[in-house]
Amino acid sequence: LRVTTDRDALLAAIAADPDSDLPRLVFADFLDDHGDPDRAEFIRLQCRTARSDPTDPGWLPAKLREQQLYWRHRDAWLAGQPDHWPHGQLTYW
């Protein structure tokens, strides 16, 4: 018997619709509600920078903040991930 958590269900929704930001943004809300605001912000920033033009005045500050969060939390966020996944691939959930 496998018990599915809310987190598992949200991650499955992201995997099932990889081109949609909606499941990612719902997961970001979940992370906010469960004490992980930096990861929630990181996901929102990734959605924003992926969908906006680099010439947009808000793009560079958002990208810089995204990278700041990534490097601050990289080791913790990548802990437990399969070793065979390229780390660059994991920067985009």
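Trainee: Buried means under 20% relative accessible area. With that in hand, which residues are buried in α3?

Mentor: This is a predicted model, so keep that in mind. In α3, the buried residues are Arg39, Ala40, Phe42, Ile43, Leu45, Gln46, Cys47 and Thr49.

Trainee: What do the buried residues of α3 pack against?

Mentor: They pack against three helices: α1, α2 and α4.

Trainee: How far apart are the end C-alpha atoms of α3?

Mentor: They are 21 Å apart. α3 has 15 residues, and at 1.5 Å a residue the expected span is also 21 Å, so the two agree.

Trainee: Step back a bit. How many helices and strands are in the chain?

Mentor: Five helices, zero strands. Along the sequence the pattern reads α-α-α-α-α.

Trainee: And what percentage of the chain is buried?

Mentor: Of the 93 residues, 32% are buried. The exposed surface comes to about 6200 Å², with 57% of that supplied by carbon and sulfur atoms.

Trainee: What share of the contacts is between residues 24 or more positions apart?

Mentor: That share is 35%, counting contacts with a separation of 6 or more.

Trainee: Now the inside. Which residues make up the largest nonpolar core?

Mentor: There are nine: Leu10, Ile14, Phe27, Ala28, Phe30, Leu31, Ala40, Ile43 and Cys47. Helices α1 (6-16), α2 (22-33) and α3 (37-51) each put in at least two of them. The largest share is from α2, with four residues.

Trainee: Pick out Ile14. What is Ile14 in contact with, leaving aside its neighbours within four places in sequence?

Mentor: Pro23, Arg24 and Phe27. There is another core too, apart from the nine-residue one. This other core has seven residues, including Phe42, Leu45, Tyr70 and Leu78.

Trainee: Let's switch to rings. How many aromatic pairs does a search of the whole structure find?

Mentor: Four. One of them is Phe27 with Phe30: the ring centres are 6.1 Å apart and the planes are at 15°, so the pair is stacked.

Trainee: Where do Phe27 and Phe30 lie?

Mentor: Both are in helix α2. They are three residues apart, about one turn of the helix.

Trainee: Why does that spacing matter for direction?

Mentor: An α-helix has 3.6 residues a turn, so residues three or four places apart point the same way.

Trainee: Is each of the two buried or exposed?

Mentor: Phe27 counts as buried because its relative accessibility is 4%. Phe30 is at 13%, so Phe30 counts as buried as well.

Trainee: What about Phe42 and Tyr70, how are the rings arranged?

Mentor: They form a stacked aromatic pair, 6.3 Å centre to centre with 25° between the planes. This pair links distant parts of the chain. Phe42 sits in helix α3 and Tyr70 in helix α4 (residues 59-78), 28 residues apart. Both Phe42 and Tyr70 are buried.

Trainee: Which residues form one aromatic cluster?

Mentor: Phe42, Tyr70, Trp71 and Trp77.

Trainee: Take Trp77. Where is Trp77 found?

Mentor: In helix α4. Trp77 has 6% relative accessibility, so Trp77 counts as buried.

Trainee: How far apart are Trp77 and Arg39 in sequence and in space?

Mentor: They are 38 residues apart in sequence. In space, C-alpha to C-alpha, they are 8.4 Å apart. Arg39 brings us back to α3, where Arg39 is among the buried residues.

Definitions and conventions. Residues are numbered from 1 along each chain as its sequence is written. This is a predicted model: local features need pLDDT of at least 70, side-chain atom pairs count only at pLDDT 80 or more; totals for chains, interfaces and linings use all residues. Side-chain values use heavy atoms; hydrogens and water are left out. Helices (H or I, at least four residues) and strands (E, at least two) are DSSP runs, numbered from the N terminus. Buried means under 20% relative accessible area, exposed over 50%, partly exposed in between (1.4 Å probe, protein chains only). Contact means heavy atoms within 4.5 Å. Accessible areas come from the Shrake-Rupley method with a 1.4 Å probe; for residues, only the protein chains shown count as cover. A nonpolar core is a set of buried Ala, Val, Leu, Ile, Met, Phe, Trp, Tyr and Cys residues joined through side-chain atoms within 4.5 Å. Rings of Phe, Tyr and Trp (its six-membered ring) pair if their centres lie within 6.5 Å; planes under 30 degrees apart count as stacked, over 60 as edge-to-face and the rest as tilted. The expected span of a helix is 1.5 Å times one less than its number of residues.
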